[in-house]
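Dear colleague,

Please find below the structure that I am handing over to you. A summary of what was found in it follows.

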Amino acid sequence: MAKNYDLVIVGGGTGGYVAAIRAAQLGLSTAIVEQGKLGGTCLHKGCIPSKALLRSAEVYRTTKEHAENFGVDVKEVTFNFEQAQKRKNSIIDKLHAGIQALMKKGKIDVYEGYGRILGPSIFSPMPGTISVEFKDGRENEMLIPQNVIIATGSRPRTLPGLTPDGKKIVTSDDLMSLETLPKSIVIVGGGVIGIEWASMLHDFGVEVTVVEYSDSILPTEDHDIQKAMATSLKKRGIQIVTNAKTLPETYKETGDEFEISAEVDGKTQIFTAEKLLLSVGRQANIENIGLENTDIQVERGFIQVNDHYQTKESHIYAIGDVIGGLQLAHVASHEGIHAVDHIARKDTLPMEAHKIARCIYGSPEISSIGYTEKQAKEQGIDVVVGKFPFAAIGKALVFGETEGFVKMIVDKKTNDLVGVHIMGAHATELIAEASLAMLVDATPFEISAHIHPHPSLSEAIGEAALAVDGMAIHF
């Protein structure tokens, strides 16, 4: 059986379903092919469930460590991981139901199966017909689209010699379905995902060790952020080991635990724990989707696209994690919107990767946009920096969360905003102001001239803008 569409999207994650909604709004007949659940990794194994658990960790930590200071007498504080998982799952279910409703609202056809791109055939002289395979073994459906968007996402990358078994060696996917917490864990990789899990699991009472290959955790962040976050995590009791090359061949199980060695500054160090979390990046899901039936180019494991997300087959687009770059849900969504607008011949604006906000949801939170100070200097920019601590902000004292700062990097010659880096409570919300400022090319003067409400954490952004010229009021 064959059916014609203006657009078929292979993959119903954040990028895919948002693209589908946009296409429906523009009057395109649209279908999604998804073998799992709509919402993809972000909703079911990534963004949403991890932040739900991080919120549980925050509430537990705040109650346990600060309730008395707030005048709240709590005789005994315990953590119910099973209930935290139930809450997480209820949030997922609610959002999943919402996406399903949006598909019905947009009259978007959803095929629950595995989509594969066919080459030229009796259905079409061009590659792009989508063959949908179903788990129940019924006959494949053939979808004949004018355009295709590949949005198949990614999965956790592993290390050669360390194969996840879901028990002792795990990925972030495995941790989402934990029934009981381990007593200890070694996290290989101190990037965004590794640090979020380190912060969360420590708050849950797990003994955490982070083993990072480079000379600092969060290697893509600004140096001041790296240094401050490492200090904060160590102060809380999380062990951070950098310049460490994990040696997979040394892994061995010892009863309920395992041990593994790493070369740390030229010396061998042994680590022991109940679980080993591999947090070493993500790998694009591009196998077995029919790319070999097309002229689509793949480099370093990612589909190559132009500024409008077209592949070498101009009617086949690719968005999200499969094209590399910033593997973030909000990036995938906007790439999907851009691709659909291009298909519909709408005006589009190119996305500049360095002007996209990046967030880390550990404790304290981190957010950034633009270049780091090091990156700016490497590009020959003569920078001036304004920095302001949350400890000097009244609302931070009210919250009882005074750790962190706002750092603003400005081109001394042009007065252009080059980068903003925030560490502290609600940093992932505050970055939106910096993002808008970069979009409209606001100067530090214009940011400081905007009257920030008092008391609010956002005052730190205005103060950092003033600090660029040495004119901060409260510090």
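**Findings in the structure**

Phe70 is found in the loop between H3 and helix H4 (81-105). Please bear in mind throughout that this is a predicted model. Phe70 counts as partly exposed, because its relative accessibility is 45%, between the limits of 20% for buried and 50% for exposed. Together with Val72 and Val74, Phe70 forms a nonpolar patch on the surface. The accessible area of these three residues together is about 250 Å².

I turn next to the empty spaces. Rolling a probe the size of a water molecule over the atoms shows where empty space is left.

The second largest pocket has a volume of about 1,100 Å³. Its lining is made up of 37 residues, and those closest to the centre of the pocket are Glu58, Arg61, Ser363, Pro364 and Glu401. Two or more residues of this lining come from each of helix H3 (47-66), helix H6 (192-203), helix H7 (223-236) and helix H11 (427-439). Helix H3 gives the most, with 10 residues. By class, the lining of the second largest pocket holds 14 polar, 13 charged and 10 nonpolar residues.

As for enclosed space, a search of the whole structure finds 1 cavity of 30 Å³ or more. The largest cavity holds about 40 Å³ of space. Pro156, Ser172, Ile193, Leu278, Ser279, Val280, Gly281 and Arg282 line the largest cavity. This lining divides into 4 nonpolar, 3 polar and 1 charged residues.

The remaining findings concern salt bridges, of which a search of the whole structure finds 18. Three of the pairs are described here.

In one pair, Glu133 forms a salt bridge with Arg116, and the closest N and O atoms are 2.1 Å apart. This pair links distant parts of the chain: Glu133 belongs to strand S5 (residues 130-133) and Arg116 to strand S4 (residues 114-117), with the two positions 17 residues apart in numbering. Glu133 counts as partly exposed because its relative accessibility is 30%. Arg116 is also partly exposed, with a relative accessible area of 22%.

In another pair, the side chains of Arg236 and Asp203 meet in a salt bridge, with a distance of 2.9 Å from N to O. Arg236 lies in helix H7 and Asp203 in helix H6, so this salt bridge ties together parts that are 33 residues apart in sequence. How buried or exposed are the two partners, Arg236 and Asp203? Arg236 counts as partly exposed at 21% relative accessibility, whereas Asp203 is buried, with a relative accessible area of 5%. The two residues fall into separate classes because buried means under 20% relative accessible area.

The third pair is Lys377 and Glu373, which form a salt bridge with the closest N and O atoms 3.1 Å apart. Both residues lie in helix H9 (residues 373-378), 4 residues apart, which is about one turn of the helix. Lys377 counts as partly exposed, since its relative accessibility is 49%. Lys377 and Glu373 also belong to a network of salt bridges, in which they are linked with Asp222, Asp224, Lys387 and Lys407.

Yours sincerely

Conventions:
Residues numbered from 1 in each chain as written. Predicted model: local features only at pLDDT ≥ 70, side-chain atom pairs only at ≥ 80, totals over all residues. Heavy atoms only, no water. 1 Å grid on protein atoms, 1.4 Å probe; cavity = no way out; pocket = protein on both sides within 12 Å on 5 of 7 lines; lining within 4 Å. Points joined across faces, edges and corners; volume = space filled by probe spheres on them. Nonpolar A, V, L, I, M, F, W, Y, C, P; charged D, E, K, R; others polar. Patch = residues over 30% accessible without salt bridge, like charges linked within 9 Å, V, L, I, M, F, W, Y side chains within 5 Å. Areas by Shrake-Rupley, 256 points an atom, 1.4 Å probe, with all protein chains shown as cover. Salt bridge = Lys/Arg side-chain N within 4 Å of Asp/Glu carboxyl O. Buried < 20%, exposed > 50% of the residue type's maximum accessible area, 1.4 Å probe, protein only.
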